[in-house]
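Please look through the sequence and the structure shown here, and then follow the explanation below one part at a time.

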Amino acid sequence: MTPHEVLAVIIAGAAAWWLWNLWVHPFRPCPRCAGKGVNRGSNKRWHGTCRRCRGSKHVQRLGSRQLHKAILAGRGAQRARAKKNR
Ligand SMILES: [Zn+2]
């Protein structure tokens with residue numbers, strides 16, 4: 001293997017790992033409120049819901065929606081094909 005091939009394998013592996021992580025963990029703790037679900041400066045008297053995650057404490061990771069759509073669409077197409085062949 002040439003150094004270029006090694007680099008390509010490493011990049012492909014990292015991409016696969018990243019996609020797998022995105023599939024298994026589509027949500028990550030909200031960076032704006034650090035997973036607390038409330039605005040910075042909230043206290044007992046004044047409780048503000050985080051605008052970014054709207055209090056859910058998690059945000060969807062970039063690209064995870066597209067990934068899920070693509071995978072589910074691919075599965076649907078496979079199923080449709082299998083039905084046709086039967
Ligand atoms: Zn938040």
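This is a predicted model, and the chain averages a pLDDT of 87, with 97% of the residues scoring at least 70. Among the elements of the chain, confidence is highest in α1, at a mean of 94, and lowest in α2, at 88. Such values deserve a glance before anything else, since, where pLDDT is low, the predicted coordinates should not be read in detail.

With that in mind, how many helices and strands does the chain have? There are two helices and two strands, and, read from the N terminus on, these elements follow one another in the order α-β-β-α. The radius of gyration of the chain is 20 Å, whereas the globule rule gives 12 Å for 86 residues, and because the value is well over that figure, the chain is more spread out than a compact globule. Along its principal axes, the C-alpha trace spans about 60 × 45 × 15 Å. Of the 86 residues, 6% count as buried. As for contacts in the chain with a separation of 6 or more, 43% of them are accounted for by residues that stand 24 or more positions apart.

The helices can be taken in turn, beginning with α1, which covers residues 3-24. Helix α1 has 22 residues and reaches 31 Å from its first C-alpha to its last, which is close to the 32 Å expected at 1.5 Å a residue. Is this helix buried or in the open? The number of buried residues among the 22 of α1 is zero, so the helix lies largely in the open.

Helix α2, at residues 64-85, also has 22 residues, and the distance from its first C-alpha to its last is 32 Å, close to the expected 32 Å. Here too the number of buried residues is zero, and therefore α2 lies largely in the open. One residue found in helix α2 is Q78, which counts as exposed because it has 10 C-beta neighbours inside 10 Å. Q78 and G13 are 65 residues apart along the chain, and their C-alpha atoms are separated by 25 Å.

The loop between the strands β1 (27-29) and β2 (58-60) holds R54, and K57 also has its place in the loop between β1 and β2. What is the phi of R54, a residue that is not a glycine? It helps to recall that most residues other than glycine have a negative phi. R54, however, has a positive phi of about 55°, and K57, likewise not a glycine, has a positive phi of about 75°.

The surroundings of these two loop residues can be described through their C-beta neighbours. R54 has 11 of them inside 10 Å and therefore counts as exposed, while K57, with 16 other C-beta atoms within 10 Å, is partly exposed. Which residues are in contact with K57, once its neighbours within four places in sequence are left aside? They are P29, C30, G35, K36 and G37. K57 can also be placed relative to R28, from which it is 29 residues apart in sequence and 8.6 Å apart in space, C-alpha to C-alpha.

Terms used
Residues numbered from 1 in each chain as written. Predicted model: local features only at pLDDT ≥ 70, side-chain atom pairs only at ≥ 80, totals over all residues. Helix = DSSP H or I, 4+ residues; strand = E, 2+ residues; numbered from the N terminus. Rg over C-alpha atoms; globule rule 2.2 N^0.38 Å. Buried ≥ 20, exposed ≤ 12 C-beta atoms within 10 Å, placed from the backbone. Contact = placed C-beta atoms within 7 Å. Expected span 1.5 Å × (residues − 1). pLDDT = per-residue confidence, 0-100.
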